[in-house]
Amino acid sequence: MKTNGPTRVFINCPFDEKYVPQFVALLSTIICSGYRPTCVLELPAAKQRLQRIRNLIADSGASFHDLSRVEGARFNMPFEAGLAFAHSASTSAHSIFFMESKRFRLQKTLSDLNGFDPLIHNGNVSGMVHRVLDALSPEQNRPSAKTVIRISRVVLAAIRRLLRTNELDELFSTRGFKVAVAVASQAAADARIIARIARAQSR
Amino acid sequence: MASGLNTSYFKENRGHPLSAEEIVRSAGVGKSERALAVLALAAVRPEPVGAAFSNGYGKHKPAQRGSKAISRGEGEPVAHETERKLALDGSTNSRNGPARRKRVNAKKSFKEVKRSASGKRSSARR
C-alpha cells in the first residue's frame, strides 16, 4: 500500500563538527519512523541551486529547521526556513517544525516566529530523538525512543569509524549524506523497527 | 510542543512507512555506499540489534557459543575452543594442560617436583 502523502522529510540544520551526533540522531529517527530524509547536501554545487532547494522542500511532506546555532551562524538556515514557511503557508501538504536547544531563545533571535513553540532538544541526542518522534509519529505505533537512541549511537559509531579509516572523506557532503542514509537504513532494517511499525499500522 | 501551520499532517495523514530498502533506493544510494554501510556496522556491532536473543545462544555468553555450536554439530569452533580441546588430548605442546606438566616435570628431579607441587620454595631463593 502506498503512503497517503509525500514521505520525504527535509532537514535544515548546521553542518559543523559539534552538531554531528545530533545530525545523526535526527537522520536515524526520521528513517526509523519510515520516512526518507532529504537535505541540501544532496544537491551538487551547480547553477539554479536555489530553485532546486525550493523543489526539495516542495517534494517533502515535512521539514525540520534547527535554528540553535546562533553564534557564528550562516544565513542559509533562516533563509531555507523562510522558504519552507512560505511553502507550508500555501499548501496543507507540508508540516514545518522549528527546533532550538534552549527555551525562549527563538523568541529573541527570530521574534517573527512568536506564537510558534519550537521543539527544544536541549542540544543532546536523547532530546533530539524524543522531539522528532513527537513530531513525526503518532502516539500509537511509535518506535521505542530507547531503540532509536541505541540505533543512532550505533550509526554514529559506524560513521566515525568510516571517517577515521578514511573510507569517508566528510560527513557533510553529497556522498557522506548518502552513506549516512545507507548506514541508518541498514541499522533500522537489522533492528526490524520499520517493519514492526508497518505491521502495527496495517492492523 | 510541535510547531508549524499544519503539524498534524504527519500524525493523521500518515500511511504505511517506507521500508529501509525503499528509503535507500529513493535516496539514490549506490552499491558501494551500501557495502560500506554494512562493513562499518559489522565493525562496530558484530550482531544485529534485534538478533541478540534470536540466535539461541543468549546475549551475554559469547564464550559458550563455540562449544554449543560444536555439540550441536553446527558452525565452526572458535579459536580458543580448538586450542583447549587439543591441549586436553595432549596432542600439542600447548602452554597449559596435563601434557605440558608431564613434559616439564620429566626434566625435574623428584625433590623439585614435590616442592613445586606443594608450592614451597627453597630458603636460598628468598
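This passage looks at aromatic pairs and at confidence in a predicted model.

Start with the aromatic rings. Counting over all chains, the structure has 7 aromatic pairs. Take the one made by A:Phe23 and A:Phe177: the ring centres sit 6.4 Å apart and the planes meet at 50°, so this pair counts as tilted. A:Phe23 belongs to helix α1 (residues 20-32) of chain A, while A:Phe177 belongs to helix α7 (residues 174-190) of chain A, so the pair ties together parts that are 154 residues apart in sequence. Both partners are tucked away from the surface: A:Phe23 is buried, with a relative accessible area of 0%, and A:Phe177 is buried too, at 1%. The two also have company, as A:Phe15, A:Phe23, A:Phe172 and A:Phe177 make up one aromatic cluster.

Now for how sure the predictor is. For the complex, it reports an ipTM of 0.83 and a pTM of 0.71. Chain B has an average pLDDT of 62, and 39% of its residues score at least 70. Its elements are a mixed bag: helix α3 (residues 31-44) of chain B has the highest mean pLDDT, 90, whereas helix α5 (residues 79-89) of chain B has the lowest, 48. Two stretches of chain B can be picked out as well. Over residues 1-9 of chain B, pLDDT stays under 50, and the model gives this stretch 36 contacts beyond four places in sequence. Residues 75-79 of chain B also have a pLDDT below 50, and here the model has 3 contacts beyond near neighbours in sequence.

Conventions. Residues numbered from 1 in each chain as written. Chains lettered and ligands numbered in written order. Predicted model: local features only at pLDDT ≥ 70, side-chain atom pairs only at ≥ 80, totals over all residues. Heavy atoms only, no water. Phe/Tyr/Trp six-rings, centres within 6.5 Å; stacked < 30°, edge-to-face > 60°. Helix = DSSP H or I, 4+ residues; strand = E, 2+ residues; numbered from the N terminus. Buried < 20%, exposed > 50% of the residue type's maximum accessible area, 1.4 Å probe, protein only. pLDDT = per-residue confidence, 0-100. Contact = heavy atoms within 4.5 Å.
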